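Student: I am new to this structure and should like to understand how its parts fit together. May we go through it step by step?

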Amino acid sequence: MNYNINHTTIYTYLEPVSLCHNVLRLVPRNTGTQICKGVTVKIYPEPDSLREYEDFFGNKVIYFSIEKEHAQLKVNVHSEIEKRAAGKSSIYNNATVETVKQVLEDKQEAGEISQFIFETPMTAWSEEIEAYARISFQPGRPVLEATTDLIHRIYRDFEFMPGFTTVSTPLSVVMRERKGVCQDFAHLAIACVRSAGLPARYVSGYIETISPAGVEKLIGVDASHAWFSVYIPQAGWIDLDPTNDMLAGDQHITVGWGRDYADIAPMKGIILSSGAHGLSVSVDVKRVL
């Protein structure tokens, strides 16, 4: 299965910007279930400097600066992705919470996995979150079964409401109001998993949306998506999507991962200007037959 993805970001400035420095994390990485076959990045106005590198987590990063006056910044990233079927394993059903914790006690075995156990400002858990997680993560229960139960409950208990939260909304508000978006539900799931002493990481990417039968899909109506992964010894990282109550599958395209949203924000930067700005984002995920 192949996909073409167009992600366009436009910043419009009230006052001219004389200098900007930006970092992009919009180039999909290769994984066990996908290959990024090609990427084209177009930036207007043309950058005065540009550099590509990999961050600490292995995500593809593009840094660029524009050192001339401009009233608008437009970034278009076109990616070609080939999805591959994930292998099935009975190991998924056998590893319990205690098994994973035992593996993590071995520092050599744990390696880089241990960095995904600790809370971050965006995934900090409270007593309420810990109690919510404890319902799923019972002693002796297989990790995948417990985590799947957790995303079932998040899907049932929380309402998907675009615009209700922002990137700075704390989980305490999400828990109280029982509302949020994919980013919030991923952070909540991660906080729950980590509160049980297990590793979990934040995944940023895209998901293909399918229009109802007989309705033509509109261009640009897709969006960035977020989900999370839980670690199971010998099986590796397993991706789960609490927003859609499912294991991540062929319709999920991974851009990258980190401890939380801050590690894999699609675009961030600084500008030298005295005015406000507007932002528009357009995403189109198209399956190629």
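**A guided reading of the model**

Tutor: Strands β9 and β10 (residues 224-232) are paired in the antiparallel sense over seven bridges. Please bear in mind that this is a predicted model.

Student: Which residue of β10 does Y202 stand opposite?

Tutor: β9 and β10 pair in the antiparallel sense. In β10, the residue opposite Y202 is F228.

Student: How many bridges pair β9 with β13, and which residue is the bridge partner of S204 there?

Tutor: β13 covers residues 252-258, and its pairing with β9 is antiparallel, over six bridges. Within β13, the bridge partner of S204 is G256.

Student: Is strand β9 largely enclosed or left open by the rest of the structure, and why?

Tutor: Buried means under 20% relative accessible area. On one side of β9, A200, Y202, S204 and Y206 are buried, and on the other R201, V203, G205 and I207 are buried as well, so both faces are covered. Because eight of the eight residues of β9 (residues 200-207) are buried, the strand is largely enclosed by the rest of the structure.

Student: Which strands stand at the edges of the open sheet of four strands?

Tutor: The order of this open sheet is β3-β6-β1-β15, with antiparallel pairing. Each edge strand has a single partner strand, so one side of it is left without a neighbour in the sheet; the edge strands are β3 (34-44) and β15 (277-288).

Student: By what angle are neighbouring strands of this sheet turned against each other on average?

Tutor: The value is an average over neighbouring strands of the sheet, with direction ignored. It is 10°.

Student: Which residue of β6 stands opposite V39?

Tutor: β3 and β6 (residues 70-83) run antiparallel and are joined by ten bridges. Opposite V39 in β6 stands S79.

Student: Where around the axis of helix α1 do the buried residues V97, V100, V103 and L104 lie, on the same side or on opposite sides?

Tutor: Helix α1 spans residues 97-104, and V97, V100, V103 and L104 are buried in it. They cover an arc of only 130° around the axis, which puts them on the same side of α1. In general, an α-helix has 3.6 residues a turn, so residues three or four places apart point the same way. For these four residues of α1, the answer is the same side.

Student: Is T123 buried or exposed?

Tutor: T123 lies in the loop between α2 (107-110) and α3 (127-134). Leaving aside residues up to four places away in sequence, T123 touches L171, H187, I190, A191, R194, R259 and D260. Its relative accessible area is 0%, so T123 is buried.

Student: With which side chains does the side chain of T123 make polar contacts?

Tutor: One polar contact, of 2.8 Å, is with the side chain of T120. Another, of 3.0 Å, joins T123 to the side chain of R194. The side chains asked for are therefore those of T120 and R194.

Student: Which residues are linked with E82 in a network of salt bridges?

Tutor: The structure holds twelve salt bridges. In one of them E82 is joined to R84, with the closest N and O atoms 3.3 Å apart; R84 is partly exposed, at 43% relative accessibility. The residues linked with E82 in the network are K37 and R84.

Student: How far apart are the closest N and O atoms in the salt bridge of R176 with E177?

Tutor: R176 is exposed, with a relative accessible area of 55%, whereas E177 is partly exposed at 33%. The closest N and O atoms of their salt bridge are separated by 3.2 Å.

Note on methods
Residues numbered from 1 in each chain as written. Predicted model: local features only at pLDDT ≥ 70, side-chain atom pairs only at ≥ 80, totals over all residues. Heavy atoms only, no water. Buried < 20%, exposed > 50% of the residue type's maximum accessible area, 1.4 Å probe, protein only. Helix = DSSP H or I, 4+ residues; strand = E, 2+ residues; numbered from the N terminus. Arc of directions from axis to C-beta. Polar contact = N/O pair within 3.5 Å; in protein donor to acceptor, adjacent residues only side chain to side chain. Contact = heavy atoms within 4.5 Å. Salt bridge = Lys/Arg side-chain N within 4 Å of Asp/Glu carboxyl O. Pairing = 2+ DSSP bridges. Axes fitted to C-alpha atoms, helices over the stretch in contact; angles between N-to-C directions.
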